[in-house]
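Grab a pencil and work through these exercises with the structure open beside you. Try each task before you read its solution.

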Amino acid sequence: MMNLSGPAIAVRDLRVVRGGAEVLHGLTFEVPRGQVTGLLGPSGCGKTTLIRSIVGVQIVTSGEVAVLGEPAGSPALRRKIGYSTQSAAIYRDLTVLENLRYFAAVLGAGKDDAERVLEEVGLAGTGRQLAGALSGGQLGRASLAVALLGSPELLVLDEPTVGLDPVLRQDLWRLFQSLAERGVTLVVSSHVMDEAARCHRLIILREGEILADGSPDGLRERAGTTDLEEAFLRLVKEKAERVR
Ligand SMILES: Nc1ncnc2c1ncn2[C@@H]1O[C@H](COP(=O)(O)OP(=O)(O)OP(=O)(O)O)[C@@H](O)[C@H]1O
């Protein structure tokens with residue numbers, strides 16, 4: 001049963017030190033359920049570190065991360081979260097379908113789940129190919145298919161559209177929207193601002209801090225421009241002036 005009360009993710013004063021330097025400087029925010037929340041920001045701003053903290057694989061220095069009402073990393077969350085990293089976790093010497101059947105078995109997902117997720121990511125035709133023979137974009141989608149196994153309540157996807165052509169990117173964003181309509185919560189990271197408009201909500205990170213947190217419309221309004229890329233630049237400038 002989905003627990004529909006409370007936010008999907010609640011983060012309070014999260015600090016993370018990596019390699020001796022603080023990379024997240026006290027982040028506080030919530031992610032609502034049943035929406036696509038975009039985690040945006042330039043390369044190196046801390047998106048992956050934040051995602052790792054949410055899925056419970058990052059040692060956090062201080063602060064709290066609660067996911068679906070449980071502390072991040074709780075064993076109870078394992079089957080409720082689908083996670084895809086930037087590098088596809090796929091066995092290259094197995095076929096695509098064999099990979100999915102294997103991961104479905106590990107997760108205790110239904111027998112037909114492998115075919116279902118393959119269809120959802122638009123890879124139905126490649127089931128019998130060796131994963132090692134897939135293109136980069138196909139591999140990324142195969143890794144997304146693994147994250148979809150078992151129909152998790154929360155999907156955390158680190159740059160799922162990197163390296164995809166515009167048509168595939170659009171297909172994937174449609175899939176994200178339709179999952180959200182079914183009540184799934186999605187956190188999707190990207191460093192391209194043109195994907196921001198497709199999210200219900202945006203958390204914009206810069207240098208380990210939250211630069212903006214709200215809807216795309218709210219962000220446009222706050223920055224006084226309809227172009228989200230320009231809005232981002234204005235917010236950066238505004239912040240620099242405040243600091244000075
Ligand atoms: N294993 C590590 N050890 C030490 N520092 C790290 C490690 N991984 C990342 N960092 C540092 O942490 C900071 C945040 O990195 P992170 O990977 O979270 O950023 P990102 O926004 O996901 O970037 P990208 O979009 O390039 O993946 C960077 O300054 C990076 O150099």
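**Exercise 1: The shell around the ligand**

Sort the residues around the ligand by class and find out which helix gives the largest share.

Solution. Start with the classes: the shell has 2 nonpolar, 8 polar and 2 charged residues. Here Ala, Val, Leu, Ile, Met, Phe, Trp, Tyr, Cys and Pro count as nonpolar, Asp, Glu, Lys and Arg as charged, and the others, including Gly, as polar. Next, put names to them: R18, G19, V23, G41, S43, G44, C45, G46, K47, T48, T49 and H191. A residue makes this list if its C-beta atom, placed from the backbone, lies within 6 Å of the molecule. Last, the helix: helix 1 (residues 47-55) supplies the largest share, 3 residues. Helices are DSSP runs of H or I with at least four residues, strands are runs of E with at least two, and both are numbered from the N terminus.

Two notes before you go on. Residue numbers start from 1 along each chain as its sequence is written. The model is predicted, so local features need pLDDT of at least 70 and side-chain atom pairs count only at pLDDT 80 or more, while totals for chains, interfaces and linings use all residues.

**Exercise 2: An open sheet**

Work out the strand order of the open sheet of 4 strands, then follow its pairings.

Solution. The order is 2-1-4-5, and the pairing is antiparallel. Strands pair if DSSP finds at least two bridges between them. The edges are strand 2 (21-31) and strand 5, each pairing on one side only. Now walk across the sheet:

- Strand 1 and strand 2 are joined by 8 bridges, and R15 has H25 in strand 2 as its bridge partner.
- Strand 1 (residues 9-18) and strand 4 (residues 62-67) share 5 bridges, with V11 opposite V65.
- Strand 4 and strand 5 (residues 70-71) are joined by 2 bridges, and A66 partners P71.

What holds such pairs together? Strands of a sheet pair through backbone hydrogen bonds.

**Exercise 3: Buried or exposed?**

Decide whether L24, L68 and E207 are buried, partly exposed or exposed.

Solution. Count the other C-beta atoms (placed from the backbone) within 10 Å of the residue's own: 20 or more means buried, 12 or fewer means exposed, and anything in between means partly exposed.

L24 sits in strand 2. L24 is buried because 25 other C-beta atoms lie within 10 Å. Leaving out residues up to four places away in sequence, L24 touches L14, R15, V16, G46, T49, L50 and G208 (contact means C-beta atoms, placed from the backbone, within 7 Å).

L68 lies in the loop between strand 4 and strand 5. With 22 other C-beta atoms within 10 Å, L68 is buried too. E207, in the loop between strand 9 (201-206) and strand 10 (209-214), has 15, so E207 is partly exposed.

One more thing to spot: L68 has a positive phi near 50 degrees, and E207 has a positive phi of about 50 degrees. Most residues other than glycine have a negative phi.

**Exercise 4: The nonpolar core**

Find which residues touch the most other members of the largest nonpolar core.

Solution. This core has 66 residues, and I54, V67, L100, A145, V156 and L186 touch the most other members. Helix 4 (residues 136-148) gives the largest share, 7 residues. A core is a set of buried Ala, Val, Leu, Ile, Met, Phe, Trp, Tyr and Cys residues joined through C-beta atoms within 7 Å. Zoom in on L100: beyond its neighbours within four places in sequence, L100 contacts A114, V117, L118, A145, V146 and L149.

Terms used:
Contact = placed C-beta atoms within 7 Å.
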